[in-house]
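Student: I would like to go through this model term by term. Could you set each value against its definition as we go?

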Amino acid sequence: MSTTSATSPSTGLGFGRVFTDHLTSMSWTPGGWERPQVRRFHNLSLSPATMVLHYGQAIFEGLKAYPHADGEIRLFRPELNARRFQLSAERMAMPELPVDDFLECVSLLVSTDRAQVPDRPGHSLYLRPLMIATEVTLGTRPAEEYLFLVIGSPSGPYFAGDFPAITVWVSEDLPRAHPGGTGNAKCAGNYAAGMAVQRSAAAHGADQVVFLDAREHRYLEELGGMNLFLVRDDPGGTTLVTPPLSDTILHGITRASILTLAADLGLRVEERPVTLAEWRDGSRKGSVVESFACGTAAVVTPIGRVRDAAGEFVIGDGTPGRWSTRLRTELLAIQKGTAPDRHGWMRPVR
Ligand code: PLP
Ligand code: COI
């Protein structure tokens, strides 16, 4: 197993710190894609003039493989990652990788390193497909050489602790994404642009950042690497609310799955604009009873406290709420194969 930093005995494997023994790759030139290769996990050797280091044509994905009791290892909705990877590539003027090649590279890595897929509770094999511009030139135009890689990281929970409720910091001035920008692409630059705010969040004792819309700085969008949900309890009933998809929000696969599971549970669902004021006032008055972040790495992570320059508000009693817990349990049961895969989401690795 390759290690980039020490693992802590108290947190087990942690997230994204150790890697399996192999990687899979495909190179692209104007002639097209080469066939998938499996190699030992290795460092890349790049000229300092490699285009990705200067102009940032870099995209990635995140998905997980779970060992099931029948001995199969299954991936959660990998075709959706493959398609989103194509959309990200198109936005960044990178070559489109056929869905079947994406799936083949992911499956090849998992089957090669299947002995390293963790089967302890709360763990899975996190897969990170990525593509970078590898042409060596300082010219500013789309590169003419690319490398697609898949690496695998046996991982535990993204947030330390057993299902904690996190504290978030609201970024009121610095948005993550702009209309017409790259917010719905999974490109490296989106994450780089959020780092300064993530640093402020940490300085304010928060775990993550919630970004607001770039035009009015009023509407909730998403976190740096997770989508956002609120649970409202109104006289008419309970509603799960999430900001609508747009070009400033990543079209999360967990988000889509939660919407389906919520409907299965008979929960009313609304995809509509939500202001920071609604979140704050609703939490204070008791109509917003829960909030959670969701994503491949985060699964469903309750939000207990929200901080901004004006102070703090607490959601519910600040601990994981009933619906967050229920939705997380339902999703994980399907992912781990302890509940029937009623929507056909799990794909065996061959
Ligand atoms: N939003 C952003 C910005 C992300 O990076 C991610 C993670 O991939 C998500 C949301 C959640 O998406 P998914 O559920 O597909 O992992
Ligand atoms: C994922 O959940 O797969 C992501 O890519 C988000 C990242 C912040 C870990």
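Student: What makes the approach of an oxygen atom of ligand 2 to a polar backbone atom of alanine 297 a polar contact?

Tutor: This is a predicted model, in which local features need pLDDT of at least 70 and side-chain atom pairs pLDDT 80 or more, while totals for chains, interfaces and linings use all residues. Residues are numbered from 1 along each chain as written, chains are lettered from A and ligands numbered from 1 in written order, and side-chain values use heavy atoms, without hydrogens and water. The two atoms are 2.8 Å apart, and the term applies because a polar contact is a pair of N or O atoms within 3.5 Å.

Student: How do you know that lysine 186 and threonine 296 make polar contacts with ligand 2?

Tutor: An N or O atom in the side chain of lysine 186 is 2.7 Å from an oxygen atom of ligand 2, and for a backbone N or O atom of threonine 296 the distance is 3.5 Å, so both pairs meet the cut-off. Of the 280 Å² that ligand 2 exposes when taken alone, the protein buries 88% (Shrake-Rupley areas, 1.4 Å probe).

Student: Why is ligand 2 said to lie between domain 1 and domain 2?

Tutor: Domain 1 (22-155) and domain 2 (166-336), whose bounds come from an automatic or database assignment, both contribute residues to the shell around ligand 2, and therefore ligand 2 lies between them. That shell, counted by heavy atoms within 4 Å, consists of Phe60, Gly62, Tyr126, Arg128, Tyr158, Lys186, Gly225, Thr296 and Ala297.

Student: How far apart are the centres of domain 1 and domain 2, and how many residues does each give to the contact?

Tutor: Taken over C-alpha atoms, the centres of domain 1 and domain 2 are separated by 27 Å, and their contact (heavy atoms within 4.5 Å) takes 19 residues from domain 1 and 21 residues from domain 2.

Student: What makes threonine 254, threonine 296 and isoleucine 253 polar partners of ligand 1?

Tutor: Oxygen atoms of ligand 1 have a polar side-chain atom of threonine 254 at 2.5 Å, a polar side-chain atom of threonine 296 at 2.6 Å and a backbone N or O atom of isoleucine 253 at 2.8 Å, so each pair qualifies under the limit already given. On its own ligand 1 has 380 Å² of accessible area, and the protein covers 96% of that. Around ligand 1 there are 16 residues, of which Arg84, Tyr191, Glu222, Thr254 and Thr296 come nearest.

How values were computed
Polar contact = N/O pair within 3.5 Å; in protein donor to acceptor, adjacent residues only side chain to side chain.
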